[in-house]
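Let's take a friendly walk through a protein chain, from its overall build to its interior. Have a look at the structure first, and then read on.

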Amino acid sequence: QVNLVESGGGLVQPGGSLRLSCEVSGSILGIYLMGWYRQTPGNQRELVATMNASGNPNYEDSVKGRFTISKDAAFRDNGWKALYLQMNNLEPEDTAVYYCYAAAAGLGSVWGQGTQVTVSS
C-alpha cells in the first residue's frame with residue numbers, strides 16, 4: 001500500500017508563489033512514476049507535471065517555465081520520500097484542487113486527498 005498526503009495549498013495573489021508537498025509512505029519501492037494533477041469544478045482531472053523514477057520531469061504546456069516538480073529520494077536510488085511542486089508566477093487560471101499521484105507496480109494508481117490552491121486578488 002502507498003499513502004500520499006499533500007500540503008502547501010492556500011490563497012495567493014496573481015504573480016505569487018506556492019510550494020506543494022506530497023509525503024509518501026508505504027510500499028515506496030514499487031513506485032515508478034509520480035506527479036501532480038489538478039481539477040476544477042465540473043471538469044476532469046488534468047495533468048500538471050510528472051516525474052519518473054530516474055528524475056525526468058514532464059510538464060503540461062501551460063505551466064512550463066513557471067512550475068517545477070522535484071522529489072526527495074529515499075535512501076535507495078529509485079525510492080521516493082516526498083514530491084514537490086514549486087509554483088511561481090501563479091495565474092487565476094491555476095486555481096484548482098491539486099492532487100498528488102503515484103503509479104506503483106502491483107498497486108496501480110494511488111491518489112492523495114488533494115489540496116486547494118486559489119489564485120485571486
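A residue is called buried when its relative accessible area is under 20%. By that cut-off, 42% of the 121 residues of the chain count as buried. Keep in mind that this is a predicted model.

**Overall build**

What kinds of elements make up the chain? There are 11 strands and zero helices, so reading along the sequence gives the pattern β-β-β-β-β-β-β-β-β-β-β. The radius of gyration is 14 Å, close to the 14 Å that the globule rule gives for 121 residues, so the chain is as compact as a globular protein of that length. Its C-alpha trace spans about 40 × 25 × 20 Å along the principal axes. On the outside, the chain exposes about 6,200 Å², and carbon and sulfur atoms supply 46% of that area.

Among the contacts with a separation of 6 or more, 54% are between residues 24 or more positions apart.

**The nonpolar core**

The largest nonpolar core has 31 residues, and those with the most contacts inside it include Leu 4, Trp 36, Met 87 and Tyr 98. Several strands, among them S1 (2-7), S3 (18-26), S8 (82-87) and S9 (96-104), each supply at least two residues of this core. Which strand gives the largest share? That is S9, with five residues.

Met 87 has a rich set of partners: leaving aside its neighbours within four places in sequence, Met 87 is in contact with residues including Leu 18, Leu 20, Phe 67, Tyr 98 and Val 117.

**Strand S8 and its partners**

Five of the six residues of S8 are buried, so this strand is largely enclosed by the rest of the structure. The table shows two strands that pair with S8.

| Strands | Direction | Bridges | One bridge pair |
|---|---|---|---|
| S3 and S8 | antiparallel | six | Arg 19 and Gln 86 |
| S7 and S8 | antiparallel | six | Lys 71 and Leu 83 |

**The disulfide**

A disulfide is a covalent bond between the sulfur atoms of two cysteines. How many disulfides does the structure hold? It holds one, formed by Cys 22 and Cys 100, whose sulfur atoms are 2.1 Å apart. The pair links distant parts of the chain: Cys 22 lies in strand S3 and Cys 100 in strand S9, 78 residues apart. The torsion about their S-S bond is about -85°, so the disulfide is left-handed. Are these two cysteines buried or exposed? Both Cys 22 and Cys 100 are buried.

Note on methods:
Residues numbered from 1 in each chain as written. Predicted model: local features only at pLDDT ≥ 70, side-chain atom pairs only at ≥ 80, totals over all residues. Heavy atoms only, no water. Core = buried A, V, L, I, M, F, W, Y, C linked by side-chain atoms within 4.5 Å. Buried < 20%, exposed > 50% of the residue type's maximum accessible area, 1.4 Å probe, protein only. Helix = DSSP H or I, 4+ residues; strand = E, 2+ residues; numbered from the N terminus. Contact = heavy atoms within 4.5 Å. Pairing = 2+ DSSP bridges. Disulfide = S-S within 2.5 Å. Rg over C-alpha atoms; globule rule 2.2 N^0.38 Å. Areas by Shrake-Rupley, 256 points an atom, 1.4 Å probe, with all protein chains shown as cover.
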